[in-house]
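Here's a quick look at a ligand and the site that holds it. Have the structure open as you read along.

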Amino acid sequence: MMGSGIGENLSRLRGEVLAAAVKAGRDPADIKIIAVTKGVPVGRMLEAVREGITDLGENRVQELLAKQPRFGPEVRWHLIGHLQTNKVKSVVGRVRLIHSLDSWRLACEIDRRSREAGVVSEVLVQVNVSGEDTKHGLAPAEVQDFIKSALELPGISVRGLMTVAPLVEDPEEARPVFRELKRLFDSIREAVPSVPMAYLSMGMTNDYRVAVEEGSNILRVGAAIFGAR
Ligand SMILES: *Cc1c(COP(=O)(O)O)cnc(C)c1O
């Protein structure tokens, strides 16, 4: 467990993000921290919100829906874990951003349910940069065509890319993965300018400093805020 004080953990985290941004010549204001709250009780989540957290990330639809009524409309919710098509209906309209669009079938279902609900769902395309079998996400080579095709789905708006780096001892080993995702992000923005790509969601507790240096603007951080799971 890291220090149990959420406020203390958050100030340490913000300090580290600031330092990494400055080191990389970036504006720290461009980098959003999402507090990842899987398995975290609502009381501790509320404490994080009191300490200035505005964005909460959950892996599972069930857990998100169970916790959401305890928070006000000022909190923005992010679905960061794999989304099954049969859960799409219950999550559409309830989250600010779905980070885990990883198949065409899922894109079609989010589109359909969003149109039914009269909303446009903002999504990130999850990319399996490292190519690990255990990871969800599109292969990098598929992403540009996928995003072009998604322009034809009026119920979804692709706002950027997301990846989960391999769990490695030395965060430096994640750097090539982040660099590759940033390169892909830039090339798609240039090739398909009609897509309002703005977000690059990469970096977790172990590797967020490296992710900031490589251009991330959304960090998904759990353990460094709430302690080890
Ligand atoms: C759990 C999780 C995180 C946060 O991981 P920490 O190591 O606790 O910071 C970020 N992204 C995804 C997709 C996760 O499942």
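What follows is a short tour of the pocket, the ligand shell and the polar contacts.

## The pocket

Keep in mind that this is a predicted model. Its largest pocket encloses about 590 Å³ of space. There are 25 residues lining that pocket, and K38, N59, V164, M204 and R220 are the ones closest to its centre. By type, the lining splits into 12 nonpolar, 8 polar and 5 charged residues.

So where does the ligand go? The ligand sits in this largest pocket.

## The shell around the ligand

Around the ligand you'll find V36, K38, N59, I80, V164, M204, T205, R220, V221, G222, A223 and R229. Sort that shell by type and you get 6 nonpolar, 3 polar and 3 charged residues.

## Polar contacts and burial

Which side chains reach the ligand's oxygen atoms? K38 is one of them, with a side-chain N or O atom 2.7 Å from a ligand oxygen. N59 also puts a side-chain N or O atom 2.7 Å from an oxygen atom of the ligand. On the nitrogen side, a polar side-chain atom of R220 comes in at 2.9 Å from a ligand nitrogen.

As for burial, the ligand on its own would expose 380 Å², and the protein covers 89% of that.

Technical notes:
Residues are numbered from 1 along each chain as its sequence is written. This is a predicted model: local features need pLDDT of at least 70, side-chain atom pairs count only at pLDDT 80 or more; totals for chains, interfaces and linings use all residues. Side-chain values use heavy atoms; hydrogens and water are left out. A residue is near a molecule or strand if one of its heavy atoms lies within 4 Å of it. A polar contact is a pair of N or O atoms within 3.5 Å; within protein, one must be able to donate a hydrogen and the other to accept it, and residues adjacent in sequence count only if both atoms are side-chain atoms. Accessible areas come from the Shrake-Rupley method with a 1.4 Å probe; for residues, only the protein chains shown count as cover. On a 1 Å grid over the protein atoms alone, a cavity is a set of points where a 1.4 Å probe fits but cannot get out, and a pocket is an open set with protein on both sides within 12 Å along at least five of seven lines; lining residues have an atom within 4 Å of a point. A molecule sits in a cavity or pocket if more than half of its atoms lie within 2 Å of its grid points. Ala, Val, Leu, Ile, Met, Phe, Trp, Tyr, Cys and Pro count as nonpolar, Asp, Glu, Lys and Arg as charged, and the others, Gly among them, as polar. Grid points are joined across faces, edges and corners, and a volume is the space filled by probe spheres set on the points.
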